[in-house]
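Please work through the exercises below with the sequence and the model side by side. Each task sentence is followed by a solution that proceeds step by step.

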Amino acid sequence: MKKISLVASCLLIALVFISATKKESSPTAQSLEGVWELKHQFIFENNEILDTMYNLNGYRQVKMYSKGKVMWSRYNPTDTNEWFGYGSYTVVDGMLEERLEYASNSMMQIIDTVQVFRFELEMEKNSYSQISFDEKGRKYNSENYDRIE
């Protein structure tokens, strides 16, 4: 009987330690999982920030990332075109790749020439930047987002 009590006690203690040390993965800690809103864009010259473009006059752009999928929409009251897209994404070695599967008519014309959108990713807990490069490998633009959910 002592052996059964000893074994049961050991199992209970082991279970407590295992459950206490298990880390829960949080989608908000260094992850794109969630909803993001564009706060502004940087324009680069010679890999240095030349200018900041803020969202004006009701312009909004929102991205949602979930389980390997991305969806985004843009509203610009001065543009009659619709802008949205849906597809998959991966993050590997600090690079964000988005592969759009379908999009608004305006975006589908761009997708015909650009199949994969590839960005350098700079990630903080509640913000991130996706940085675009030209054909010579120089930074030319970054979209900078804040987490809204």
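The exercises that follow go from the fold to salt bridges, a pocket, the surface and the backbone.

The model is a predicted one, in which local features need pLDDT of at least 70 and side-chain atom pairs count only at pLDDT 80 or more, while totals for chains, interfaces and linings use all residues. Residues are numbered from 1 along each chain as its sequence is written, and side-chain values use heavy atoms, with hydrogens and water left out.

**Exercise 1. Determine how many helices and strands the protein chain has, and in what order the elements run.**

Step 1: take helices (H or I, at least four residues) and strands (E, at least two) as DSSP runs, numbered from the N terminus. Step 2: counting in this way gives two helices and nine strands. Step 3: read from the N terminus on, the order is α-β-β-β-β-β-β-α-β-β-β. Step 4: for burial, call a residue buried under 20% relative accessible area, exposed over 50%, and partly exposed in between, with a 1.4 Å probe and protein chains only; of the 149 residues of the chain, 32% then count as buried.

**Exercise 2. Find the salt bridges of K63 and R118, and state for each partner whether it is buried, partly exposed or exposed.**

Step 1: apply the criterion, which is a side-chain nitrogen of Lys or Arg within 4 Å of a carboxyl oxygen of Asp or Glu; by this rule the count comes to seven salt bridges. Step 2: K63 pairs with E98, their closest N and O atoms being 2.8 Å apart. This pair links distant parts of the chain, since E98 belongs to strand β6 (residues 95-103) and K63 to strand β3 (residues 60-66), 35 residues apart. Both E98 and K63 are buried.

Step 3: R118 meets E97 in a salt bridge with an N to O distance of 2.5 Å. Here, too, distant parts of the chain are linked, with R118 in strand β7 (residues 116-123) and E97 in strand β6, 21 residues apart. R118 counts as partly exposed because its relative accessibility is 48%, whereas E97, at 18%, counts as buried. Step 4: salt bridges that share partners join E97, R99 and R118 into one network.

**Exercise 3. Describe the largest pocket by its volume, its lining and the elements that contribute to it.**

Step 1: set a 1 Å grid over the protein atoms alone and take as a pocket an open set of points with protein on both sides within 12 Å along at least five of seven lines, where lining residues have an atom within 4 Å of a point. Step 2: the largest pocket holds about 320 Å³ of space, a volume being the space filled by probe spheres set on the points. Step 3: it is lined by 16 residues, of which R74, M107, F117, F119 and E143 are the closest to its centre. Step 4: the elements that give two or more residues to this lining are β3, β4, β6, α2 (105-111), β7, β8 (127-133) and β9 (139-147), and β9 gives the most, with three residues. Step 5: by class, the lining has eight nonpolar, four polar and four charged residues.

**Exercise 4. Which residues make the nonpolar surface patch of about 280 Å²?**

Step 1: keep residues with over 30% relative accessible area and no salt bridge, and join nonpolar side chains (Val, Leu, Ile, Met, Phe, Trp, Tyr) within 5 Å. Step 2: the patch is made by M64, M71 and Y102. Step 3: M71 lies in strand β4 (residues 69-75), and with a relative accessibility of 36% it counts as partly exposed.

**Exercise 5. Locate N47 and D93, and give the phi value of each.**

Step 1: as background, most residues other than glycine have a negative phi. Step 2: N47 has a positive phi, near 65°, and sits in the loop between β1 (34-45) and β2 (48-54); at 35% relative accessibility, N47 counts as partly exposed. Step 3: D93, which is not a glycine either, has a positive phi of about 50° and is found in the loop between β5 (83-92) and β6. With a relative accessible area of 76%, D93 is exposed.

Key
Patches are made of residues with over 30% relative accessible area and no salt bridge: like charges are joined within 9 Å, nonpolar side chains (Val, Leu, Ile, Met, Phe, Trp, Tyr) within 5 Å. Accessible areas come from the Shrake-Rupley method with a 1.4 Å probe; for residues, only the protein chains shown count as cover. On a 1 Å grid over the protein atoms alone, a cavity is a set of points where a 1.4 Å probe fits but cannot get out, and a pocket is an open set with protein on both sides within 12 Å along at least five of seven lines; lining residues have an atom within 4 Å of a point. Ala, Val, Leu, Ile, Met, Phe, Trp, Tyr, Cys and Pro count as nonpolar, Asp, Glu, Lys and Arg as charged, and the others, Gly among them, as polar.
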